[in-house]
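Dear colleague,

Please find below the structure I am handing over to you. My notes on what was found in it follow directly after.

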Amino acid sequence: MERTGCAVVGGGPAGMMLGLLLARAGVQVTVLEKHGDFLRDFRGDTVHASTVRLIDELGLGAGFRRLPQSRLNQVAFPIPGAGLVTVGDFSGLKPPYNYIAMMPQWDFLNFLASEAAREPSFTLLMQHEATGLVFDGGRVTGVSYRRRGGGGNVVQDGGPNREGVLHADLVVATDGRHSVLRRAAGLQPKQYPVPFDTWWFKLPRPASEKGVVAGVVPAFGHREAMIALFRDDYYQMGYLAPKGSDARIRAEGVKRFRERVARLRPDLAERVDAIRSVDDLHWLDVRLDRLKRWYVDGLLCIGDAAHAMSPAGGVGINLAIQDAVATAAKLAPGLLSSRVTTKDLARVERRRRMPTAVVQNVQRIMHRAIFVPLFAGKRPRPLPVMLFIVRHAPVVGRVLPRIIAFGPLPEHAPAFARRVPAP
């Protein structure tokens with residue numbers, strides 16, 4: 001019988017960080033990831049200061065800083081008639097945590113996986129797709145999975161596809177906003193209205209435009225918007241339009257979409273032919289939701305499985321990682337003794353519910369103040385007031401960058417997971 005102490009389902013930022021932390025505590029932990037690698041486009045790139053500090057506390061700062069990355073030193077928005085208005089300048093924060101790192105998420109996940117693999121109690125099973133939960137007397141006691149032939153980047157098991165069951169003292173769902181395990185447990189999130197969806201695509205970035213400065217460049221039009229994230233050799237573009245527009249955008253064809261891009265970003269107009277067809281557009285059904293309860297006996301949901309986040313603010317990765325830290329800190333002792341109760345799971349939820357609610361409420365305010373008027377074809381009325389506050393209230397200028405960089409209730413690495421870096 002296959003067995004582990006903690007089965008973590010989903011190899012995203014929350015799952016990989018949780019696996020690393022629990023393994024450092026000596027817990028037998030197995031992470032199941034349904035894909036064969038982490039190389040998937042159009043994931044978030046932002047690693048906020050709270051996560052950079054956590055990496056340092058784990059003794060991994062030197063290796064992290066060797067990864068391909070650039071630094072975002074401020075957040076600015078283009079406002080008609082006002083130019084670029086800075087709403088968050090991180091230079092006033094205490095070094096070395098006075099920036100947001102921008103890096104491809106697959107590099108970050110591979111880094112966490114390689115560090116976790118150093119721990120003898122850690123196992124990563126690639127190409128293992130969770131299909132459901134195993135119950136015994138009302139308690140979750142494991143997860144069923146389907147293994148795709150070909151193995152993975154840590155466990156090379158090859159062979160044909162097969163199904164199996166992994167028994168565990170605890171199952172943690174980190175399998176995202178469409179969580180299979182959350183649904184299998186009968187947990188239903190409360191949905192909040194979101195006025196837009198996002199379509200991700202690439203545009204070329206020639207060597208002449210490369211540099212050390214990172215950026216998240218937004219552009220606003222009539223009932224549409226676009227953001228550009230700097231990759232090493234291309235721009236990751238996000239087109240924002242009213243929710244429910246996917247069928248219309250695809251029906252209008254690639255030529256019409258290229259015209260939209262050129263109108264919003266005239267400086268990139270000469271390269272829109274890189275969008276070969278509407279199949280190059282990766283639609284993100286933006287959701288904002290939160291579970292009323294994050295657990296049942298034997299199962300805990302964290303990250304997007306517990307609370308799907310809007311892309312507004314780019315905070316989803318870091319909130320998920322903070323969930324993972326709190327989970328490891330509060331559950332490692334019980335996992336080491338194979339005694340994790342629902343009270344233990346409730347403690348994790350209580351710890352992380354407040355910061356989650358705060359961030360989601362800020363996102364809802366942003367939706368109502370900026371995106372709802374924008375996609376209705378109106379100028380967001382609160383912008384002049386917001387700009388005045390940002391420009392003329394010194395306390396806001398000092399506090400806002402810290403809130404953006406660290407978020408509410410940032411977590412620190414538990415003592416059992418800290419390591420002194422090698423000289």
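Cysteine 301 has a relative accessible area of 0% and is therefore buried, since that value lies under the 20% cut-off. The model discussed here is a predicted one. Cysteine 6 is likewise buried, because its relative accessible area is 0%. As to disulfides, the structure contains zero.

The surface offers a contrasting topic. A nonpolar patch is formed there by Met354, Val358 and Val362, and together these residues have about 230 Å² of accessible area. Methionine 354, one of the residues in that patch, belongs to helix α8, which covers residues 342-375. Its relative accessibility is 42%, so methionine 354 counts as partly exposed; the range for that class runs between 20% and 50%.

Turning to the protein as a whole, there are 10 helices and 20 strands. The chain of 423 residues has 54% of them classed as buried. The exposed area of the protein comes to about 18,400 Å², and 56% of this is supplied by carbon and sulfur atoms.

Finally, on contacts: among those in the protein with a separation of 6 or more, 73% are made by residues 24 or more positions apart.

When you open the model, you may wish to look at cysteine 6 and cysteine 301, both of which are buried, and then at the surface patch of Met354, Val358 and Val362.

With kind regards

Technical notes
Residues are numbered from 1 along each chain as its sequence is written. This is a predicted model: local features need pLDDT of at least 70, side-chain atom pairs count only at pLDDT 80 or more; totals for chains, interfaces and linings use all residues. Side-chain values use heavy atoms; hydrogens and water are left out. A disulfide is a pair of cysteine sulfur atoms within 2.5 Å. Buried means under 20% relative accessible area, exposed over 50%, partly exposed in between (1.4 Å probe, protein chains only). Patches are made of residues with over 30% relative accessible area and no salt bridge: like charges are joined within 9 Å, nonpolar side chains (Val, Leu, Ile, Met, Phe, Trp, Tyr) within 5 Å. Accessible areas come from the Shrake-Rupley method with a 1.4 Å probe; for residues, only the protein chains shown count as cover. A salt bridge is a side-chain nitrogen of Lys or Arg within 4 Å of a carboxyl oxygen of Asp or Glu. Helices (H or I, at least four residues) and strands (E, at least two) are DSSP runs, numbered from the N terminus. Contact means heavy atoms within 4.5 Å.
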